Amino acid sequence: MRGGVSRRVQQIMRPKLHKDSYYLDLLHLCKTTDNIKKTHAQVVVGGHEQHPFIATKLVDKYGHLGGSNLDHARKVFDNLSEPDVFCWNVVIKGYANVGPFVEALKVYDDMRWSGTTPNRYTYPLVLKACCAERATHKGRVIHGHAVKCGLDLDLYVGNALVAFYAKCEEVQVSRKVFDEIPQRDIVSWNSMISGYTTNGYMDEAIRLFYDMFRDEDIGGPDHATLVTVLPAFTRVADVHAGYWIHSYVVKTGMELDPAVGSGLISLYANCGHISMARAIFDKISDRNIVVWNAIIRCYGMHGVTQEALGLFHEMVEVGLRPDGIVFLCLLSACSHAGLLEQGWNLFHAMETYGVAKTEAHYACIVDLLGRAGDLEKAMEFIQSMPIQPEKNVYGALLGACRIHENIVLAELAAEKLFVLDPKNAGRYVILAQMYEDAGQWQDAARVRKVVKEKEIKKPAGYSSVELESGHTKFGVNDETHPFTTQIFQTLLSLDRIMGKEAPIQCDAIM
């Protein structure tokens with residue numbers, strides 16, 4: 001009898017004990033707004049709308065679908081009398097992922113005013129919203145809040161701060177945060193390497209990539225690491241790094257996907273290894289527009305224009321719609337190859353594919369006409385442009401005028417460039433050199449005087465040599481190297497040896 005009563009009680013109580021999990025499981029299965037609303041209605045009828053777990057799950061499901069569903073999520077949240085930190089985080093996540101991003105920041109402020117203490121998951125979400133909103137000052141304030149809570153050295157928060165400051169172009173602060181993280185993971189390293197590459201600090205990105213191997217807690221680079229560091233190796237044209245990454249992908253069985261594949265193609269292209277770039281391209285099964293752009297650029301930059309044009313037509317045949325980048329690569333290739341007709345056809349074809357023409361595309365046509373010597377038509381083309389010509393267009397015209405020694409148009413182009421690109425010393429130098437070639441010494445002196453008075457400095461040129469420790473840069477009369485004295489002494493010795501050997505070689509030739 002006792003056993004029978006006990007089983008009866010269990011049967012009666014079971015729905016109450018498992019009602020919460022029932023709604024949670026039901027919400028987990030919901031994939032559409034209508035399904036969520038139906039479950040939501042059951043929750044309200046059952047009197048569970050104030051249950052923290054169920055309410056949080058409802059907010060999360062609405063927020064995940066985005067759009068107008070965020071309004072439904074917000075209504076569920078606003079109806080809660082005492083939302084916990086997890087529910088606050090879910091609301092912030094919804095806005096941080098799809099926007100409006102400023103609303104994520106407002107919810108965070110409301111959270112603090114309510115007396116709810118943010119946790120280690122709150123700060124990465126709200127910092128993500130700061131990145132999207134470009135709210136640099138607000139991000140610094142939130143960093144201060146994390147410090148006060150003692151969470152600034154937390155791995156999740158630290159990684160988020162590294163990414164935040166890097167995206168706000170404060171790379172030095174990003175590195176400082178990175179160095180202070182006590183136990184870094186692969187995300188930490190990837191975030192910092194990405195911060196360097198996206199902000200143009202290629203040498204620093206490469207050094208950090210090699211430093212990563214000294215971290216015993218990191219098993220080695222992952223897919224994200226290779227994607228972030230490949231642009232740096234591409235910029236410095238380090239083909240040995242390309243070989244290593246290529247081998248690493250093969251040995252580890254990593255998928256040669258479009259992200260890594262296009263990076264390797266660009267690296268091999270910059271190093272002049274066209275056949276290797278093509279081999280990578282042929283091995284990528286799922287080729288997207290980025291992969292096609294990379295291989296077309298590879299052929300175009302090395303003067304193999306017909307192959308680039310052939311790949312363009314092949315890309316269109318497989319059903320991919322070309323974008324502005326591929327047209328830019330092709331127009332540049334046609335310009336350097338002197339293919340005037342093909343260049344014009346491509347320029348007009350952009351309208352057929354619904355690709356918007358930017359100033360860079362117009363600059364390519366000006367360059368195309370200029371290299372062909374038709375400067376008057378190039379000028380007419382500029383005057384007929386439907387958009388305002390900027391520095392790229394007039395820069396292309398000035399370069400063509402330099403080639404064909406047209407000082408009249410060069411003066412017009414330079415006059416525009418001195419307004420549009422006033423700090424570019426190269427523009428002044430070209431005009432001054434043209435004046436000197438024409439014997440107009442007073443005009444040349446006038447231009448150079450302007451450069452001096454405005455303190456416009458041309459970026460110092462440098463050479464780069466690859467050593468065992470990496471790439472080392474040096475300029476003319478560079479005395480920053482620790483072995484400067486020995487280097488210059490060796491150069492002087494070589495100069496003396498060459499001076500002695502030269503007469504002997506000349507006599508032998510005679």
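What percentage of the 510 residues in the protein chain is buried? In this predicted model, buried residues make up 41% of the protein chain. The chain holds 27 helices and two strands, and among its contacts between residues at least 6 apart in sequence, 58% join residues at least 24 apart.

The UniProt record, an unreviewed entry, places the feature "repeat: PPR" at residues 84–118, 185–215, 288–322 and 323–357. For two of these spans, residues 84–118 and residues 288–322, the helix and strand content and the separation of the end C-alpha atoms are set out below.

| Span | Helix | Strand | Distance between end C-alpha atoms |
|---|---|---|---|
| Residues 84–118 | 77% | 0% | 10 Å |
| Residues 288–322 | 74% | 0% | 10 Å |

One pair of helices can be followed in detail. Two packed helices are described by the angle between their axes and the distance between the axes. For helix α8, which covers residues 136–149, and helix α9, which covers residues 155–167, the axes come within 11 Å and cross at roughly 160°. Because angles over 145 degrees count as roughly antiparallel, α8 is roughly antiparallel to α9, and the crossing of the two helices is left-handed. On the side of α8 the contact is made by Thr136, Gly139, Arg140, His143 and Ala146, while α9 contributes Val157, Leu161, Phe164 and Tyr165. Taken by character, the residues in the contact of α8 with α9 divide into five nonpolar, three polar and one charged.

Notes: Residues are numbered from 1 along each chain as its sequence is written. This is a predicted model: local features need pLDDT of at least 70, side-chain atom pairs count only at pLDDT 80 or more; totals for chains, interfaces and linings use all residues. Side-chain values use heavy atoms; hydrogens and water are left out. UniProt positions are given in the numbering used here, feature names are shortened, and annotations may be inferred rather than shown by experiment. Helices (H or I, at least four residues) and strands (E, at least two) are DSSP runs, numbered from the N terminus. Axes are lines fitted to C-alpha atoms, for helices over the stretch in contact, and angles run from 0 to 180 degrees between N-to-C directions. Angles under 35 degrees count as roughly parallel, over 145 as roughly antiparallel, 65 to 115 as roughly perpendicular and the rest as oblique. A crossing is left-handed if the near helix is turned anticlockwise from the far one by less than a right angle, and right-handed if clockwise. Contact means heavy atoms within 4.5 Å. Ala, Val, Leu, Ile, Met, Phe, Trp, Tyr, Cys and Pro count as nonpolar, Asp, Glu, Lys and Arg as charged, and the others, Gly among them, as polar. Buried means under 20% relative accessible area, exposed over 50%, partly exposed in between (1.4 Å probe, protein chains only).
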